[in-house]
Amino acid sequence: MFTHLKNIETAFRHVKLFSYLLIAACTIISCFALYKSYQAADLASRHIYILANGKALEAFAADRKDNIPVEARDHIKMFHHYFFTLDPDEKVINANIGKALYLADESARNQYNDLKEKSYYNNLISGNISQQVVVDSIQLDIDQYPYYFKCFATQKLIRATSTINRSLVTQGYLRNVARSDNNPHGFLIQHWETLANRDTTLQHQ
């Protein structure tokens with residue numbers, strides 16, 4: 001009888017140990033499954049599909065730090081485009097300058113006010129002069145914050161009879177701000193100044 005009870009007790013211990021091992025194995029498998037599910041969901045969230053002209057194009061999401069140089073250069077390029085690309089039309093000038101001022105601090109507004117006081121924009125309108133800018137290169141230092149940049153561009157003043165090319169060099173700093181419809185890159189240009197703006201060539205038409 002005692003041997004029979006001992007066998008039952010031993011079997012109970014074995015069943016108990018097996019139950020613990022089974023529970024531990026189920027817990028480990030469940031945790032692993034949850035981890036892999038989260039990993040798969042995170043990987044899937046990085047794949048973005050854009051429908052363009054009836055075709056699904058795949059885009060990839062990335063951390064902001066991976067895109068800082070690209071976004072910063074495009075921000076600088078767009079600011080200079082809006083600030084310097086003008087036509088002899090007051091509404092066009094106001095619209096472009098308005099877009100540019102969303103991308104920079106009061107240093108850009110100060111330059112705009114200086115040009116306005118000197119009747120620069122009135123002269124463009126009265127002389128039927130169009131102004132364009134092409135950004136040639138941008139030097140960007142992202143090792144220190146705010147990010148320093150120097151922009152090299154070619155500015156064109158287009159008249160009916162001639163085109164004047166100017167060498168334009170500006171510099172400033174970029175700091176992070178919240179993204180918005182008016183500022184999609186989430187940068188703000190500060191301490192912006194013009195280092196050089198001189199005529200280089202004159203082309204007669």
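**Note on the predicted model**

1. Y121 is buried, its relative accessible area being 6%, and this residue is a convenient place to enter the structure, which is a predicted model. Its ring partner is Y112: the two ring centres are 5.4 Å apart and the planes stand at 45°, so the pair counts as tilted, given that angles under 30 degrees would be stacked and those over 60 edge-to-face. Y112 is buried as well, with a relative accessible area of 9%. The structure holds 10 aromatic pairs.

2. Both tyrosines also belong to the lining of the largest pocket, which is made up of E90, I93, N94, Y112, K116, S119, Y121, N122 and I125. The space in this pocket comes to about 160 Å³. Helix 3 (90-101), helix 4 (106-117) and helix 5 (120-126) each contribute at least two of the lining residues, and by class the lining divides into 4 nonpolar, 3 polar and 2 charged residues.

3. S119, another residue of that lining, deserves a look at its backbone, since its phi is positive, about 60°, although the residue is not a glycine. S119 sits in the loop between helix 4 and helix 5, and with a relative accessible area of 30% it is partly exposed.

4. A second positive phi in a residue other than glycine is found at H191, where the value is near 55°. In contrast to a loop position, H191 is found in strand 6; its relative accessible area of 54% makes it exposed.

5. Turning to the strands, strand 3 (residues 130-141) and strand 4 (residues 147-158) pair in the antiparallel sense over 11 bridges, with S137 standing opposite F152 of strand 4. The two strands are joined by a hairpin through 5 residues. P146 lies in the loop between them, and the peptide bond leading from Y145 to P146 is cis, with omega near 0°, a point that a colleague may wish to inspect in the model.

6. Strand 4 continues into a further hairpin, with 3 residues between this strand and strand 5, and the pairing of strand 4 with strand 5 is again antiparallel, over 12 bridges. Within this pairing, Y148 has Y173 of strand 5 as its bridge partner. Of the 15 residues of strand 5 (residues 162-176), 11 are buried, so this strand is largely enclosed by the rest of the structure.

7. Which residues are buried, and which relative accessible areas go with them, at the aromatic pair of Y147 and F187? Y147 is buried at 9%, and F187 is buried at 0%. Their rings form an edge-to-face pair, 6.4 Å centre to centre with 75° between the planes. Y147 lies in strand 4 whereas F187 lies in strand 6 (residues 187-204), so the pair ties together parts that are 40 residues apart in sequence. Elsewhere, F79, F83, F84 and W192 form one aromatic cluster.

8. Finally, the record should be set beside the model: an unreviewed UniProt entry places the feature "transmembrane region" at residues 17-35. In the predicted coordinates that span is 100% helix and 0% strand, and the C-alpha atoms at its ends lie 27 Å apart.

Key: Residues numbered from 1 in each chain as written. Predicted model: local features only at pLDDT ≥ 70, side-chain atom pairs only at ≥ 80, totals over all residues. Heavy atoms only, no water. UniProt positions renumbered as here; feature names shortened; annotations may be inferred. Helix = DSSP H or I, 4+ residues; strand = E, 2+ residues; numbered from the N terminus. Pairing = 2+ DSSP bridges. Buried < 20%, exposed > 50% of the residue type's maximum accessible area, 1.4 Å probe, protein only. 1 Å grid on protein atoms, 1.4 Å probe; cavity = no way out; pocket = protein on both sides within 12 Å on 5 of 7 lines; lining within 4 Å. Points joined across faces, edges and corners; volume = space filled by probe spheres on them. Nonpolar A, V, L, I, M, F, W, Y, C, P; charged D, E, K, R; others polar. Phe/Tyr/Trp six-rings, centres within 6.5 Å; stacked < 30°, edge-to-face > 60°.
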